Amino acid sequence: ACGTAVYERAPIICGDIARDSRWEAYRESALAAGLHACWSMPLFGTHGDAIGAFALYLDRASLPSSDELQLFAQTARFASLVVERHRARERLERLVFYDGLTELPNRKLFEVRFAAAIARARAVGDGIAVGVLDIDRFKIINDTYGHLVGDEVLRVIAGRLSASLREGDCIARMAGDEFL
């Protein structure tokens, strides 16, 4: 029902799962779980993109009254706002804590993780290690081949460094051609 609501960009109201042909493949499972009706509403973002679906399952066969349908639609709109707010927060956190070019943690996130690693190491009487990688004469790459090539070099290096990490390790792009 949720997938159909999103696909059709319209509410899908099934008042009786036992009789609705759209539920043929899932009827037995739904009825065994005590589900007898399903009302599904697609969720859309502010740009009209589908971002999910909101569904209400009932333990009895029932079609919604006009008041229930209105409340259901308002609840779905609220759910859309919640999903969009969550996604916006994730995008902002990504911008704050990750390097846009390499997608590695940036200096700010490294500092947070580094402080946590020091605290953990102190708590258990262990040590930590920090490695520094600074690409010598990187400016020559940019000046000779252009910034697009230089950016690709940084992405390749970031990918190779990331691939070599162990569980719990962290690699970060600190600035320019410097990694920790």
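This is a tour of one predicted protein model, stop by stop.

**Before you start**

Because the model is predicted, local features are reported only at pLDDT of at least 70 and side-chain atom pairs only at pLDDT 80 or more, while totals for chains, interfaces and linings use all residues. Residues are numbered from 1 along each chain as its sequence is written, and side-chain values use heavy atoms, with hydrogens and water left out.

**The whole chain**

Show the protein as a cartoon. The protein has six helices and six strands; helices (H or I, at least four residues) and strands (E, at least two) are DSSP runs, numbered from the N terminus. Followed from the N terminus, the order is α-β-α-β-β-α-α-β-α-α-β-β.

Next, turn the model to view its outline. Along the principal axes, the C-alpha atoms fill a box of roughly 70 × 45 × 30 Å. The radius of gyration is 26 Å, whereas a compact globule of 180 residues would have one near 16 Å. This radius is taken over C-alpha atoms, and the globule rule is 2.2 Å times the number of residues to the power 0.38.

Of the 180 residues, 27% count as buried. Buried means under 20% relative accessible area, exposed means over 50%, and partly exposed is in between (1.4 Å probe, protein chains only).

**Stop 1: Trp-39 and Phe-72**

Select Trp-39 in strand β2 (residues 37-44) and Phe-72 in helix α3 (residues 66-97); the pair links distant parts of the chain, 33 residues apart. What kind of aromatic pair do Trp-39 and Phe-72 form? The pair is edge-to-face, at 6.2 Å centre to centre and with 75 degrees between the planes. Rings of Phe, Tyr and Trp (its six-membered ring) pair if their centres lie within 6.5 Å; planes under 30 degrees apart count as stacked, over 60 as edge-to-face and the rest as tilted. Both Trp-39 and Phe-72 are buried. Now add Phe-54 to the selection: ring pairs link Trp-39, Phe-54 and Phe-72 into a cluster. The structure holds four aromatic pairs.

**Stop 2: along helix α3**

Stay in helix α3 and select Val-83. At 25% relative accessibility, Val-83 counts as partly exposed. Add Gly-45, which is 38 residues from Val-83 along the chain; their C-alpha atoms are separated by 8.4 Å.

**Stop 3: Glu-103**

Move on to the loop between α3 and α4, where Glu-103 is placed. Is Glu-103 buried or exposed? Glu-103 has a relative accessible area of 55%, so it is exposed. Its phi is near 65 degrees, a positive value in a residue other than glycine. Most residues other than glycine have a negative phi.

**Stop 4: Phe-110 and Phe-114**

Select these two residues in helix α4 (residues 107-124), where they lie four residues apart, about one turn of the helix. Their ring centres are 5.6 Å apart and their planes are at 10 degrees, so the pair is stacked. Phe-110 counts as buried, at 10% relative accessibility, and Phe-114 as partly exposed, at 31%.

**Stop 5: Arg-137 and Asn-142**

Go to the loop between β4 (133-134) and α5 and select Arg-137. Arg-137 has a positive phi of about 55 degrees although it is not a glycine. Its relative accessibility is 64%, so Arg-137 counts as exposed.

The last selection is Asn-142, in helix α5 (residues 138-145). Asn-142 counts as buried, at 14% relative accessibility. Which residues does Asn-142 touch, not counting those up to four places away in sequence? They are His-147 and Gly-150, where contact means heavy atoms within 4.5 Å.
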